[in-house]
Amino acid sequence: MKIAIIGTGYVGLVSGACFSAWGHHVICVDVDNARIDALNRGEVAIFEPGLTNLVTSSLQSGHLQFATDLKKAVRDIDIVFIAVGTPASAHDGDADLSHVFKAAQQTALALCGPTLVVTKSTVPVGTSERLEALMRSVRPNADFEVASNPEFLREGSAIADFNKPDRVVIGCDSDRARALLLALYRPLMEAGVPVITTTRRSAELTKYAANAFLATKIAFINEMADLCEKVGANIDEIAIGMGMDKRIGAAFLKAGPGYGGSCFPKDTTALLRTAQECGVSLRLVEETIASNTSRKRTLAHRLRALLGETLQFKKIAVLGLTFKAGTDDMRDAPSLTLIHALQSAGANVHAFDPRGMKNAHALLRDVTFSSNPYECAEEADAIVLMTDWQCLQNLDFKRLGATMKRRVFLDLRGVYDLDMLVNRYGFTAERVGHPTRQAPEDRIIRLKRRVTYVPPGVEVHNGTRSLRGSSFTRASSASVQRELDHE
Ligand SMILES: NC(=O)c1ccc[n+]([C@@H]2O[C@H](COP(=O)([O-])OP(=O)(O)OC[C@H]3O[C@@H](n4cnc5c(N)ncnc54)[C@H](O)[C@@H]3O)[C@@H](O)[C@H]2O)c1
């Protein structure tokens, strides 16, 4: 088949490269001239594992081309996929469809011969009909149809997801469009991938429902993690226990700093807007958004509590910036919320990420970017682990601790063993979903401060010093005595 893909981002480029590897002739179009020039040289601007090799081999085979001229690209094409961005509009959080409409309008002006226009972009229910009406107004008699084929790939494993998805959803309102898309996806069907055919509206809503449900699952496990921290339970074991129930499933039950990225935040708010416009209340989705937003906003408070003192003038090392490992995507990354809050509190932020620093640079101010985690943590008062990149999962804590000002570690990805951090390396550490652990030396530092403020009435001696107070808020006089004895 002859396929055109509009948009060469994470979805468009992966789709184009994969379709061409399946043997189709694909032309990918983008408005970004620099991106297309680079792609024509075999250089891929985004980081997605395996993508550069796939693009290079498809370019060499002649099955894949890149262009900026949309009108030329969509002429004599069987299927045009629209894979442009649909960000949240700044105005009301609804999906900004301006790129989609522009792409559809330009396609309508240029197409000749029977063409199927398919939205791969995530678009609100009813968008296919709106696109069709728009295109009809431009070209009333042209031979085209509009279908929906939402994409479910995940950044970081996009090629594998595209070639072996859990399912393909095809939304068509005509047999001709359905037959064409079923023919396109026949290799996947033959490999056992379920292909669901439905109406355009149902296909569009399936994507939002799936993302909202996944976001809810994350928000739920994060709230359970908060409870675990208070009651002394272990969120990882709870997630295993829950996930083994086939009705629940193990995926997306990993507690963390809150969801972010290019899809869940914008798709949940867009879904809410759709529901509001129809007078339907989606209270679970509302609560999911609220829960996740407040979680991200409290990350800095959490660090402050772990440090036991103000964040002002503290050097904080943030390890990992992207919203998850395996991508360079910084869109709506929880690290952005954390860093802004740290900076507002007067902290000095240093950061390291193996892939995301270029994109992070454009979004952050006054952050010192380091070339490795050890440089980042030098003289730091605390480390926050924000993304569970492989290279951040085996940190040398002896080396880190040797150069840090204070050994404080906030593990927001549940990677490290607290006993090891505390007992072997002397860190005060917190792991999401586990009670906080303090290193013995750190307890002494904090205790000294507390003892200083104790009013008259209680007396504590350690041989060289005598302190008096009426009560200790969080430690008995006996435990204070023990701590002072350790000095
Ligand atoms: N990123 C993901 O993991 C993912 C997964 C599933 C679905 N989606 C959805 O797919 C869509 C695309 O997402 P993305 O992450 O690939 O976006 P992206 O921002 O990475 O890429 C969009 C590309 O479209 C180009 N573009 C914009 N307007 C254009 C026009 N008129 N003509 C040609 N090119 C144009 C941009 O220059 C950009 O390169 C979104 O609707 C998103 O919600 C994304």
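**Notebook: helix H13 and its neighbours**

I looked up the buried residues of H13 and found Val285, Thr288, Ile289, Asn292, Arg295 and Lys296; buried means that 20 or more other C-beta atoms, placed from the backbone, lie within 10 Å of the residue's own. They cover an arc of only 135° around the axis, which puts them on the same side of H13; the arc is taken from the directions from the helix axis to the C-beta atoms.

I noted that the model is predicted, that local features need pLDDT of at least 70, that side-chain atom pairs count only at pLDDT 80 or more, and that totals for chains, interfaces and linings use all residues. Residues are numbered from 1 along each chain as its sequence is written.

On the other side of H13, I found Arg283, Ala290 and Ser294 exposed (12 or fewer such C-beta atoms).

I then checked which elements the buried residues of H13 pack against, and these are helices H10 (200–231), H12 (264–277), H14 (299–307) and H15 (334–344). Helices here are DSSP runs (H or I) of at least four residues, numbered from the N terminus.

I looked next at H10 and H13, whose axes come within 9 Å and cross at roughly 50°. Axes are lines fitted to C-alpha atoms over the stretch in contact, with angles from 0 to 180 degrees between N-to-C directions. H10 and H13 are therefore oblique to each other; oblique covers angles that are not under 35, over 145 or 65 to 115 degrees.

I listed the residues that meet: Ala212, Ala215, Thr216, Ala219, Asn222 and Glu223 in H10 with Leu284, Val285, Thr288, Ser291, Asn292 and Arg295 in H13 (contact means C-beta atoms, placed from the backbone, within 7 Å).

Technical notes: Helices (H or I, at least four residues) and strands (E, at least two) are DSSP runs, numbered from the N terminus. Two residues are in contact if their C-beta atoms, placed from the backbone, lie within 7 Å.
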